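Biologist: Hello! Could we walk through this structure together, one question at a time?

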Amino acid sequence: MALHFQSLAELEVLCTHLYIGTDLTQRIEAEKALLELIDSPECLSKCQLLLEQGTTSYAQLLAATCLSKLVSRVSPLPVEQRMDIRNYILNYVASQPKLAPFVIQGLIQVIAKITKLGWFEVQKDQFVFREIIADVKKFLQGTVEHCIIGVIILSELTQEMNLVDYSRPSAKHRKIATSFRDTSLKDVLVLACSLLKEVFAKPLNLQDQCQQNLVMQVLKLVLNCLNFDFIGSSADESADDLCMVQIPTTWRTIFLEPETLDLFFNLYHSLPPLLSQLALSCLVQFASTRRSLFNSPERAKYLGNLIKGVKRILENPQGLSDPGNYHEFCRFLARLKTNYQLGELVMVKEYPEVIRLIANFTITSLQHWEFAPNSVHYLLTLWQRMVASVPFVKSTEPHLLDTYAPEITKAFITSRLDSVAIVVRDHLDDPLDDTATVFQQLEQLCTVSRCEYEKTCALLVQLFDQNAQNYQKLLHPSSGVTVDITIQEGRLAWLVYLVGTVVGGRLTYTSTDEHDAMDGELSCRRQTSSCEGLVANLSNSGFFFLENDLIHHHLNQGSQSKVQVVRLRSDIPRVPEKAWKIVKVYARMSEVLGITDDNHVLETFMTKIVTNLKYWGRCEPVISRTLQFLNDLSVGYILLKKLVKIDAVKFMLKNHTSEHFPFLGISDNHSLSDFRCRTTFYTALTRLLMVDLGEDEDEFENFMLPLTVAFETVLQIFNNNFKQEDVKRMLIGLARDLRGIAFALNTKTSYTMLFDWMYPTYLPLLQNAVERWYGEPACTTPILKLMAELMQNRSQRLNFDVSSPNGILLFREASKMVCTYGNQILSLGSLSKDQIYPMKLKGISICYSALKSALCGNYVSFGVFKLYGDNHFDNVLQAFVKMLLSVSHSDLLQYRKLSQSYYPLLECLTQDHMSFIINLEPPVLMYVLTSISEGLTTLDTVVSSSCCTSLDYIVTYLFKHIAKEGKKPLRCREATQAGQRLLHFMQQNPDVLQQSCQEL
C-alpha cells in the first residue's frame, strides 16, 4: 500500500503492530512499511498528522522517531525547516504537558539533536540554535508539568552534547561539546542547583508525584552536568574506581561554596530512596573533583566538608538500608581515597571518629555478605588503598589503621566461613562459584591483611587447626553427616583461599623475618588425609608461597564428598641457587614438610600435577586449572632446565596417552569443549621437550609416537565403513594437540621436524575432514586454527633453507584448505542471526588470519606461482573474495574477531598485491573501499589503523600512476593500464575516496 494513500487509522494500526504486536510477521511488515515513511516526501506532514490527530501514544512515538531520524541525516535539512520543527515541538509539548513520558522523551530528543547538529549554524549573525536555554526558562516559569519538561530538555541536551556519534567526524563532535561546555554548561548547572534550592526551601510534599518527578529530573540534570566529558577523554565507565572529574576552572566558585555540598547532603537525608540515590550519585562526582581545582587550604576545607557529610550519613544510617543508596555510598567512600591522600585525610578534624564509623560500617557490610555483594568491592578498595598508603604518610597524626584494618580482615574471614552453612542448608548460590569476584576481593584483602600481620596469622592458624580437626572427626563413619561434611569442606575451601591470599600479599620492602616465619607457619598447615595437600606457590620475588587459587569443585550428587583441589600457579622467578635457605619461611617448611631445596618444591608441584591429570580426567575445572599451572611453569627457561630432570616430567614426556591421562581420551564422557585443554597440555609438554631436544629427530619421533598411532588409525578407517563420531572426535583432539605443539616450536629446526612429520601424509587428511564436516564448527574450527598456527612465522621459524620447498608446499596445503572451506561454507545459504557467526563467520575469520600470516610471513615468493603456472595463489585470493562478498558490511564490523582478521589482511594485500586489488570487479572493489571507509569510524585501533594504512597504499599507488601519466614507457605499459583502470574507477565513483578522507 502506498504511503500517500494511507489514512491515519491505517498508520495507527501499523504503529500498534510495531510497538506492541505479538505476531512477528505483522511486526516485520509494519517495520518495513513505516521505515519507508522516513524517506517519503510526505514524512513531515504525516508526522504532524500523527502528533495532532493520533489517538494513541504509539502514533506520537512513531512521529518522534521519524523526526529524530530525519534531522540526524548526514545531509541536513535547511536551517529554516529545522527551526520550524524545533519551534513546532516546543509549542506542542508546551500545549500538551501530560503526554506519555516516552513520547515527551522522544520529542525532546529531536530538539536536542537539532540543537547539537546546528550549534554553529549562523543566520543574520546569530547562532540560531543556541537560544534553547532562553526558551527553556519560559517552561520553568509555568506549571510543575511545564517545569519538568524544561528540565528534561536541558538534561537531554546535556546528554546529547556528551554523546559521541561515531558516524560523524570526532573532531566536529569535540568542537561542539567544547563550545557547549564553555558557553552554556555552567549556566545549566547553576540553574539546576538554584531549582533544587527553591524546592528544598519549601515544604516537600513527597506524596505529590509531580513534585517527586520534578526533583528527580533536576537531580538527573545535575548528574548529567557532572558526568560531562569535559576534556574529551571518553573515560571507560567500567574503570569506575579510576575516574576523576575534570571540572573547568571557571566552575571553581560553585565548588568552593559550602552550601553546594550541604545542599546535596540535605537532599539525601530528606528524600525517599529513589531520589536520595541520585543525590548520592551527584556527591560521588563531587568527591571525584580533580585535585588541581583547589589550592592546598581550599582542598583541605573541601575535603573537610565531604568528611562531615560522611559522618552525618553514618550517624544516621537508616537510608543505607536501600540497596541503591548503599551502593552509591560505597562508591562515594572509595572515591574519597582515590582523589585524596591518606596524609590529607588524617589532618581532618573529624577523621578519628569517621574512620571508626567507616570501619563499623564495613564490618557490618561484610557480615551481611548476601546484601548488595557487588558493593563490597568499593569498601575493600577503600581499605586496600588506605593500608597501601601507610608507608608514605609523613603526617604525625595517627592514621588508626593498625586498629581497624585487623578488624576488617577478621570480619571478612569470619563472615565467609559463617556463610558456608547458610549457603549449604538454604541451597543458595555459592560465592565460591563466582571465581572472578572471589579472586578480586581476595586480591584487595591481601593488602589489608598485612596490616598488623601477627593478628591475621594467629586468627588463620587457629581457624585452620580447628576446622581441620572438626573435619577429621566428621570423617569417622559413626559421626559423619553429609551436610556437616559439606559445610566443613566449604569452610576449609575458604581457609585455603584465605591462607594463600595473606601469604601471597608479601611485599619485599615491608617484610621482616618475623613475617616470613609466620608465612612459613601458615604454609605448613597440615590438612586431613581426605583433603588435597597444601602446596607452595612461586612468588615474584622467588620465594615459595602457598597458592591463593583453589578449585572449588562439586562432584555429582551421587559422590561421597566434595573435593578442594589447590590450583597451582607460578610467577616464574630468577633466584640465585640456594637463596631460599636464608629465609625463615623455608626453615619452617623444611622442618614440617621435609622440603629441603627448590628442586624438592618443583618435584612436589609436578607430582601433584601428574596426580590431577591421571585421576581427575573427567573433571574439567581441575584439569584446566592444573594445566594452566603447568603452562605457567613451562614459560621460564631456568625452571625448564630443572623440571626436565624430575621423574614426573620424564613420565609425562613418554606416556602422554589416554591410558595414563584420561582427559586425552575421545569417549562421550568428554564434551568437545573440554578438548580445548589439550592444546595447553601439549604446549607445555613441547616446551619441556625442547629443552634438550636439539636436532635429535629420533627423540622427536618418539615423542610424537602416540599422535602417529592415532593418525594411522584414522587413515586406515577414514574411507571405510566407520563410526563417524569417533573418528571426528579423534581428529578434533589431534588438531588441538598439534596446535599446542606447533605453538611451542619457535625454532627452524624443531618446526621443520613437525612439518616433515605432518607432510605429505597427514595434512591431506585434515583437509578431507574439513571437506566432509564443513557444516560442523566443532570439527572445522580446531583444524582451521591449527593451519593458522602453522602459517605463523614466529621467531622466523618458517625461514627454511634455500634448497627447501617447504614454504611453498605449506602455502599450497593452506590454499587447498581455505579454498575447500570457503567453497563449502558458501553452500550453507542464508543463516539465522544466532547461527551466522559460529557456523560461518568464525571460520572465515580464521581463514583470513591464516592467509594474512602467509602473506606477511616472508617465507613464500608469490611471484613463483604465476611464473610456473601454479594457480594455488590465485585460487586462495578468489576464495577470499567469495567469502568476503557473502558477509555484509555490518557483520564485518560487528564481529570483532572477523574485523581484526579481515582488515590486517586487506592491509597486506594493498601493500604487496595491489595488482590483485586493481583487477577486482568494480562491485568488489566498491565493497572493499566502502569497508575501509566504514572501518575508519570504529574505536578498534587494530581496525582503524589497518584502514588508514590500506587507504594510504591505495592513494600512494594512484598518485604514482598520475605522476607517471605523461611518461608511459613501453616497458611499463601493463602497469600503466592497471593504474589507468584504478583511476577510471575513482573518476566514476568520486564519493568513495572523498568519504574515506572525510572520516580521517
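Biologist: Which residue does the side chain of R678 meet in a salt bridge?
Modeller: A word on the basis before I answer: this is a predicted model, where local features need pLDDT of at least 70, side-chain atom pairs count only at pLDDT 80 or more, and totals for chains, interfaces and linings use all residues. Residues are numbered from 1 along each chain as its sequence is written, and side-chain values use heavy atoms, with hydrogens and water left out. A salt bridge here is a side-chain nitrogen of Lys or Arg within 4 Å of a carboxyl oxygen of Asp or Glu. At 2.7 Å from N to O, the partner of R678 is D737.

Biologist: Which helices does that pair link?
Modeller: The two residues are 59 residues apart, so to speak of distant parts of the chain is fair. Helices are DSSP runs (H or I, at least four residues), numbered from the N terminus. R678 and D737 sit in helices α29 and α32 (residues 724–744), respectively.

Biologist: Is R678 buried or exposed?
Modeller: Buried means under 20% relative accessible area, exposed over 50%, and partly exposed in between (1.4 Å probe, protein chains only). D737 has 2% relative accessibility and therefore counts as buried. With a relative accessible area of 5%, R678 is buried.

Biologist: How many residues of α29 are buried?
Modeller: Among them are C677, R678, F681 and L689. The helix is mostly covered. Of its 14 residues, the buried ones number 12.

Biologist: What span should helix α36 have?
Modeller: The expected span is 1.5 Å times one less than the number of residues. Helix α36 (residues 806–825) has 20 residues, and its end C-alpha atoms are 28 Å apart, which agrees with the expected 28 Å.

Biologist: Why is α36 called largely enclosed by the rest of the structure?
Modeller: The reason lies in its burial count. α36 is largely enclosed because, of its 20 residues, those that are buried number 15.

Biologist: Which residue forms a salt bridge with E813?
Modeller: Both partners lie in helix α36, three residues apart, or about one turn of the helix. E813 is buried at 6% relative accessibility, while its partner is partly exposed, with a relative accessible area of 28%. The closest N and O atoms are 3.5 Å apart, and the partner is K816.

Biologist: Which residue forms a salt bridge with E344?
Modeller: E344 is in helix α16 (residues 342–345), and the partner, 53 residues apart from it, is in the loop between α13 (273–287) and α14 (296–315). That partner is partly exposed at 24% relative accessibility. The closest N and O atoms are 2.7 Å apart, and the residue is R291.

Biologist: Which residue does a cis peptide bond join to P760?
Modeller: Most peptide bonds are trans. P760 is found in the loop between α33 (748–758) and α34 (763–772). Omega is about 5 degrees, and the residue joined to P760 is Y759.

Biologist: What is the phi of H427?
Modeller: Most residues other than glycine have a negative phi. H427 lies in the loop between α19 (401–426) and α20 (435–449), and H427 is exposed, with a relative accessible area of 72%. Its phi is positive, near 55 degrees.

Biologist: And what is the phi of N858?
Modeller: N858 is in the loop between α37 (833–856) and α38 (863–867). N858 is exposed, with a relative accessible area of 69%. Its phi is also a positive value, near 60 degrees.
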